[in-house]
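Here are my notes on the model you asked me to look over. The points are numbered so that each can be taken up separately.

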Amino acid sequence: MPLSQLAVHRHDRRNRALITLAGEIDLESAPPVCAALARCLSDGIRIVDVDLTAVTFCDCSGLNVFLYAAQRTGEAGGILRLHNPPPTLAQILALTGCGFLLLGLPLGHLPPSPGDVSDPVVPAPPDRSVPVPVVLRGDAR
């Protein structure tokens with residue numbers, strides 16, 4: 001089986017980073033993605049946008065990396081957002097219901113860097129409440 005091919009590029013602008021990934025994200029290629037995202041935090045970056053336009057495949061290993069990085073970034077007072085996920089990742093996000101934790105606006109619609117305007121507004125998670133069933137009193141026949 002050939003090794004996974006994945007290119008990782010980072011472009012910084014003040015306290016914001018754009019990580020561009022190209023290729024396949026799987027068990028073999030997930031560690032460099034994790035390292036690149038962790039390096040952003042250690043470098044003081046608090047807003048991380050991940051462009052997945054050129055990613056051809058992403059399995060649950062990639063999802064795991066993104067969820068972990070989003071959690072760590074959030075704990076540091078920042079935000080991590082994925083943009084343009086490939087169909088495989090979009091399907092995993094839909095099946096797991098965690099897309100609201102990771103998905104951002106399309107890259108052409110990104111807000112300006114926080115140095116230019118106020119901090120981005122983090123959208124509230126969707127209402128996931130379960131409707132309360134109506135309880136009838138008496139004999140229901």
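1. A salt bridge, as the term is used here, is a side-chain nitrogen of Lys or Arg within 4 Å of a carboxyl oxygen of Asp or Glu. With that meaning, a search of the whole structure, which is a predicted model, finds 3 salt bridges.

2. Two of these share a residue. Arg10 forms a salt bridge with Asp12, where the closest N and O atoms are 2.7 Å apart, and Arg10 also forms a salt bridge with Asp43, where the closest N and O atoms are 3.0 Å apart. The second pair links distant parts of the chain, since Arg10 belongs to strand 1 whereas Asp43 sits in the loop between helix 1 (30-42) and strand 3 (47-58), 33 residues apart. Arg10, Asp12 and Asp43 are thus linked in a network of salt bridges.

3. How accessible are the members of this network, taking Asp12 to begin with? Asp12 has a relative accessibility of 37% and counts as partly exposed; Arg10, with a relative accessible area of 31%, is partly exposed, and Asp43, at 47%, counts as partly exposed too.

4. The remaining pair to consider is that of Asp49 and Arg16, whose side chains meet in a salt bridge at 2.7 Å, N to O. Because Asp49 lies in strand 3 and Arg16 in strand 2, the pair ties together parts that are 33 residues apart in sequence. Both Asp49 and Arg16 are buried.

5. The strands form an open sheet of 4 strands in the order 1-2-3-4, and the pairing is mixed. Strand 1 and strand 4 (79-83) stand at the edges with a single partner strand each, so one side of each is left without a neighbour in the sheet. On average, and with direction ignored, neighbouring strands of this sheet are turned by 15 degrees against each other.

6. Within the sheet, strand 1 (residues 6-13) pairs with strand 2 (residues 16-25) in the antiparallel sense over 8 bridges. The register can be read from individual partners in strand 2: Thr20 is the bridge partner of His9, and Leu18 is the bridge partner of His11. The hairpin of these strands has 2 residues between them, and there Arg14 takes a positive phi near 55 degrees.

7. Turning to the helices, the axes of helix 1 and helix 2 (residues 60-75) come within 9 Å and cross at roughly 10 degrees, which makes helix 1 roughly parallel to helix 2. On the side of helix 1, Ala30, Val33, Cys34, Leu37 and Leu41 take part in the meeting, and the residues they meet in helix 2 include Val65, Phe66, Tyr68 and Arg72.

8. Helix 2 lies across strand 2, strand 3 and strand 4, and runs at about 150 degrees to strand 4. Helix 3 (residues 87-96) packs on the sheet as well, touching strand 3 and strand 4, with a direction that makes about 115 degrees with that of strand 3.

9. As to confidence, the mean pLDDT of the protein chain is 80, and 70% of its residues reach 70 or more. Among the elements, strand 2 has the highest mean pLDDT (96) and helix 4 (residues 99-102) the lowest (88). Over residues 113-125, by contrast, the pLDDT is below 50, and this stretch has 17 contacts in the model beyond near neighbours in sequence. Residues 127-138 also stay under 50, and for them the model has 2 contacts beyond four places in sequence.

Key: Residues numbered from 1 in each chain as written. Heavy atoms only, no water. Pairing = 2+ DSSP bridges. pLDDT = per-residue confidence, 0-100. Contact = heavy atoms within 4.5 Å. Buried < 20%, exposed > 50% of the residue type's maximum accessible area, 1.4 Å probe, protein only. Axes fitted to C-alpha atoms, helices over the stretch in contact; angles between N-to-C directions. Parallel < 35°, antiparallel > 145°, perpendicular 65-115°, else oblique.
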